[in-house]
Structure formats: structure tokens, C-alpha cells
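Here are my notes on the model you sent round. Please read them with the viewer open.

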Amino acid sequence: AASLANLPSAARAELPPILEKSLRRYARPLQLAADSLMFDLRPPILAGNWSNLESAFSGENPKVDVVILQPVKFIVDGSEDFLPGAETAVANLEGALQDLKSQIGAKKQDAALKAWDDAAAAVNSVMKAANEVIADEPTTKRDVPSRLVLATQEPAQYPRSVKQYYMDKCRRAAPSAVFVGDSLGDLCETIADQQLR
């Protein structure tokens, strides 16, 4: 199968329809996956807040599967050949999240941080590949974030804020038929401010 990385730039402008559709639909949720790693998982690991972490992995549809794993799966599955460096991201992320769940259950902070690092590396591999594809594809570029921000081990080095995360989550969850334009942005900013209190 052909890889975008090995094609001349003129040929790379044509994305496979499945990848183009996936990027348009899941690039923003992919950013929320990195945000969730940074704001929902890493701080509780560092604080040893095991019950909070256990809740993210519990239930029929665990939060980590919906927020972190699904966007990666929906972008990568079927497009592996066109996302250099992310070909094994889904399997790597599934393994890392399973390991993280085990380490949280055992309350092993160092091992949980290592599993978090592995999960972040898998998500980041997809984000790096997506950033390259988006940069080379003008029509997709205008419909998705201009640059996905990778997760970092040090929260202070992560350029997105918790407030941005909450606002983007709100915008993603709000039905577009109910709100238009700035009213949604204003509402989401208010909700984000309340969550930060």
C-alpha cells in the first residue's frame, strides 16, 4: 500500500476519503484526548487520588475508552498506511490503558506514570502524523485545528489550559441546533469558569 510520506507533495494533496472524513470529524476529539491525559489522568496519578482514577476506568463505557481511545481508533483504523509513525498506535494505546488500569488498581504511582507515558506516546504519535497530513492538505486544514498540541510529561510545558479543555468539551457536547455563534462560546466559557471554581 502507498504511504503519504513516500509520495511527492502533489500526490499527497489527495487524502483517502476515509482519512479525510476521520480527521474532519475526530481531530478535535483527538485534542480532547490529549487534554484528558493531561488534566484528568496525570494530576490524580501525581496526587495518588486512586478512587478518582478508578472511576475513569469503570462502567460499561469507561471514560478513558470514550474520550481517549475512540478518537485514536476512528482516525487510525483503515488509514494506517497514511499516518507514518502511528501504525501501531491503537494497539499501543489499548495496552497502555490496560496497564494503567492495573497500576491504578495496585496503587503503584511510578508504574502508573510509566503507563501514562506510554498512553501519551501513542496519542502523540497519531497527533504528529495528523499534523503532517493536515499541513499538506489545504481543504482539510480549514476544517480542523491548525495544529494539534501533543501531551507532555510536565503540565507546565503543555500550552493548553484546563479552561480551554472545559470550553472545548462543552462545545463538543452542546447540540449545535440549540446554540449559534457566540452564544455557545459565552455559555461554554461560563460553564468552564464554574468548573474551575
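The numbered points below go from the overall fold to single residues.

1. Status and fold. This is a predicted model. The protein chain has nine helices and zero strands. Read along the sequence, the pattern is therefore α-α-α-α-α-α-α-α-α.

2. Burial and surface. The protein chain has 197 residues, and 43% of them count as buried. About 10200 Å² is exposed. Carbon and sulfur atoms supply 50% of that area.

3. Contact range. Take contacts between residues at least 6 apart in sequence. Of these, 72% join residues at least 24 apart. One pair to display is Arg25 and Val144, which lie 119 residues apart along the chain. Their C-alpha atoms are separated by 8.3 Å. Arg25 sits in helix 2. Its relative accessible area is 52%, and exposed means over 50%, so Arg25 counts as exposed.

4. Main core. Which residues touch the most other members of the largest nonpolar core? They are Leu41, Ile68, Val72, Leu93 and Val123, in a core of 51 residues. Helix 2, helix 3, helix 4, helix 5 and helix 6 each supply at least two residues of this core. Helix 6 gives the largest share, 14 residues. As background, nonpolar side chains tend to be buried together in soluble globular proteins.

5. Leu93 as a probe of that core. Set aside residues up to four places away in sequence. Leu93 then touches Ile68, Leu69 and Val72, and also Ala119, Ala122 and Val123. Ile68, Leu69 and Val72 are buried residues of helix 4. Val72, Ile68 and Val123 are also named among the residues that touch the most other core members.

6. Second core. Another core lies apart from the main one. It has five residues, among them Leu32, Tyr165, Tyr166 and Met167. Tyr165, Tyr166 and Met167 are buried residues of helix 8.

7. Helix 4, length and bend. Helix 4 covers residues 63-76, 14 residues in total. The distance from its first C-alpha to its last is 20 Å, close to the 20 Å expected at 1.5 Å a residue. Even so, the helix bends by about 45 degrees at Leu69. A proline, Pro71, follows within four residues. Check both values together: the end-to-end span agrees with expectation, while the bend shows up in the local axes.

8. Helix 4, packing. The buried residues here are Val64, Ile68, Leu69, Pro71, Val72, Ile75 and Val76. So the bend residue Leu69 and the proline Pro71 both count as buried, meaning under 20% relative accessible area. Which helices do the buried residues of helix 4 pack against? The partners are helix 2 (17-47), helix 3 (50-56), helix 5 (89-105) and helix 6 (109-135). In general, an α-helix has 3.6 residues a turn, so residues three or four places apart point the same way.

9. After helix 4. Gly78 comes just after the helix and takes a positive phi of about 90 degrees. Ser79 is in the loop between helix 4 and helix 5. Is Ser79 buried or exposed? Ser79 counts as buried, because its relative accessibility is 1%. Leaving out residues up to four places away in sequence, Ser79 touches Ile18 and Leu19.

10. A backbone value to inspect. Lys107 has a positive phi of about 60 degrees, although this residue is not a glycine. Lys107 is in the loop between helix 5 and helix 6. With a relative accessible area of 48%, Lys107 is partly exposed.

11. Disulfide. The structure holds one disulfide. Cys170 is joined to Cys188, S to S 2.1 Å. The pair links distant parts of the chain, 18 residues apart. Cys170 is in helix 8 (residues 162-173), and Cys188 is in helix 9 (residues 182-196). Why is the disulfide left-handed? The torsion about the S-S bond is about -75 degrees, hence that label. Cys170 counts as buried at 12% relative accessibility. Cys188 is buried too, with a relative accessible area of 0%.

12. Helix 8 geometry. Helix 8 has twelve residues, which should span 16 Å at 1.5 Å a residue. The end C-alpha atoms are 16 Å apart, so the span agrees.

Technical notes: Residues numbered from 1 in each chain as written. Predicted model: local features only at pLDDT ≥ 70, side-chain atom pairs only at ≥ 80, totals over all residues. Heavy atoms only, no water. Expected span 1.5 Å × (residues − 1). Bend = angle between axes of the 7 residues up to and from the residue. Buried < 20%, exposed > 50% of the residue type's maximum accessible area, 1.4 Å probe, protein only. Contact = heavy atoms within 4.5 Å. Disulfide = S-S within 2.5 Å. Core = buried A, V, L, I, M, F, W, Y, C linked by side-chain atoms within 4.5 Å. Areas by Shrake-Rupley, 256 points an atom, 1.4 Å probe, with all protein chains shown as cover.
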